[in-house]
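Reader: I would like a close look at one part of this model, namely the antiparallel sheet and the residues that pack around it. Please take the strands in turn, and then follow the contacts outward to the rest of the chain.

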Amino acid sequence: DVTVAALPPEPVEPEHCDPALGPGRTLGRYLLLSEVGSGGMGVVMAAYDRELDRRVALKLLRPGLSRSGEARMRREAQALAQLEHPAVVSVFEVGSIDGQPFIAMEYVDGLTFDAWASRHRGQWRKLVEVAIQAGRGLAAAHAAGLVHRDIKPSNILVGDDGRVCVADFGIATPTGRTRDSDLLPQSELGVASSASWLQGIEALTEAGAVVGTPAYMAPEQHRGAPVDARSDQFAFCVALYRVLYERAPFAGADLDALRAAVSAGK
């Protein structure tokens with residue numbers, strides 16, 4: 001899930017959103033405008049807060065998911081609430097309206113790091129500067145005792161004003177932990193499924209495996225061992241490598257081969 005996109009002048013009908021929560025509809029004090037991100041667990045909608053007169057990003061849980069999905073959403077809000085740093089997306093509110101769980105977060109006008117990098121090909125100094133700013137937000141999370149566990153370019157936002165921030169703490173965990181309610185069925189993962197293994201390894205976690213994005217996971221995360229700040233640092237380096245060189249640092253014809261390459265440092 002992402003919390004960034006250019007806000008359209010008029011509501012745009014999304015492809016994945018529940019029709020009951022489409023553009024032009026309301027959720028409490030929020031007027032829904034357009035879908036800006038989608039995954040297996042839910043959607044992120046640009047919305048207008050009528051009471052505070054501001055744009056926000058609303059993360060909405062998909063209907064029909066089990067209570068563990070709502071628990072993960074609340075955990076994300078709690079993790080973000082512990083952080084006050086300009087390089088971390090702020091959370092405003094978490095709750096449920098008419099049975100619909102949601103998180104209200106700040107809306108960032110801009111692009112994800114991978115999309116931004118595609119517009120600045122060859123300008124490695126600019127790419128590294130963005131990464132440095134994101135690294136400061138990640139360091140703030142670590143100082144608060146949190147491990148993000150899903151650092152990748154699509155979870156780093158670059159605002160039109162130049163501000164960079166880390167987003168999507170949906171699977172964050174206290175340092176040193178690996179499994180609490182992490183073993184979730186495929187339908188509850190915060191990503192979309194894909195027929196292509198190449199796309200799947202970018203986006204999916206196997207059902208019954210530790211949650212994360214395999215292409216960016218550190219060896220200990222692949223093994224299901226406890227994770228700490230170093231696990232995020234590994235993913236951070238993979239993310240920077242990918243935007244700089246436009247290819248993955250580790251190769252594999254399937255998930256097992258990828259794990260072997262990561263573990264061997266190939």
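Author: What follows describes the sheet, its aromatic and charged neighbours, and then the parts of the chain beyond it.

The model is a predicted one, and its confidence deserves a word before any detail. Averaged over the protein, the pLDDT is 79, and 76% of the residues score at least 70. Over residues 1-17 the pLDDT stays under 50, although the model has 59 contacts beyond four places in sequence for that stretch. Residues 180-209 also have a pLDDT below 50, and there the model shows 74 contacts beyond near neighbours in sequence.

The sheet itself is open and has 6 strands in the order E1-E2-E3-E4-E6-E5, with antiparallel pairing. Strand E1 (26-27) and strand E5 (91-97) stand at its edges with a single partner strand each, so one side of each is left without a neighbour in the sheet. As background, the strands of a sheet pair through backbone hydrogen bonds, either parallel or antiparallel.

Within this order, E2 pairs with strand E3 (residues 42-49) in the antiparallel sense over 7 bridges. Two of the facing positions can be named: leucine 31 stands opposite tyrosine 48 in E3, and serine 34 stands opposite alanine 46 in E3. E3 in turn pairs with strand E4 (residues 54-61), again in the antiparallel sense, over 8 bridges. Alanine 46 can be followed across this pairing too, for its bridge partner in E4 is alanine 57. E3 is mostly covered, with 7 of its 8 residues buried.

The hairpin of E3 and E4 has 4 residues between the strands, and one of the residues to examine there is aspartate 53, with a positive phi near 55 degrees. Aspartate 53 is found in the loop between E3 and E4, and it is exposed, with a relative accessible area of 56%. Most residues other than glycine have a negative phi, which is the background against which the value near 55 degrees in aspartate 53, a residue other than glycine, can be read. A second case is arginine 149, whose phi is near 75 degrees and likewise positive in a residue other than glycine. Arginine 149 is found in the loop between E8 and E9 and counts as buried at 3% relative accessibility.

The aromatic side chains can be taken next, and the count comes to 3 aromatic pairs. In one of them, the rings of tyrosine 30 and phenylalanine 102 have centres 5.8 Å apart and planes at 65 degrees, and because an angle over 60 counts as edge-to-face, that is how the pair is classed. Tyrosine 30 lies in strand E2 (residues 30-38) and phenylalanine 102 in strand E6 (residues 100-106), so the pair ties together parts that are 72 residues apart in sequence. Tyrosine 30 is buried, with a relative accessible area of 1%, and phenylalanine 102 is buried with a relative accessible area of 1% as well.

Phenylalanine 102 also leads to a helix, since methionine 73 is 29 residues from it in sequence but 7.6 Å from it in space, C-alpha to C-alpha. Methionine 73 has its place in helix H1 (residues 67-81) and is buried, with a relative accessible area of 2%. A charge meets a ring elsewhere: the charged end of arginine 54 sits over the ring of phenylalanine 92, 3.8 Å from its centre.

Beyond the sheet, helix H3 (residues 124-143) has 20 residues and reaches 28 Å from its first C-alpha to its last, close to the 28 Å expected at 1.5 Å a residue. Its buried residues include Leu127, Val130, Ala131, Ala134, Leu138 and Ala141. An α-helix has 3.6 residues a turn, so residues three or four places apart point the same way. The buried residues of H3 pack against helix H2 (113-118), strand E8 (146-147), strand E9 (156-159), strand E10 (164-166) and H6. After H3 comes glycine 145, with a positive phi near 85 degrees.

Terms used:
Residues are numbered from 1 along each chain as its sequence is written. This is a predicted model: local features need pLDDT of at least 70, side-chain atom pairs count only at pLDDT 80 or more; totals for chains, interfaces and linings use all residues. Side-chain values use heavy atoms; hydrogens and water are left out. Rings of Phe, Tyr and Trp (its six-membered ring) pair if their centres lie within 6.5 Å; planes under 30 degrees apart count as stacked, over 60 as edge-to-face and the rest as tilted. Buried means under 20% relative accessible area, exposed over 50%, partly exposed in between (1.4 Å probe, protein chains only). A charge sits over a ring if NZ of Lys or CZ of Arg is within 6 Å of the ring centre and within 35 degrees of the ring normal. The expected span of a helix is 1.5 Å times one less than its number of residues. Contact means heavy atoms within 4.5 Å. Two strands pair if DSSP finds at least two bridges between them. pLDDT is the predictor's confidence in each residue, from 0 to 100.
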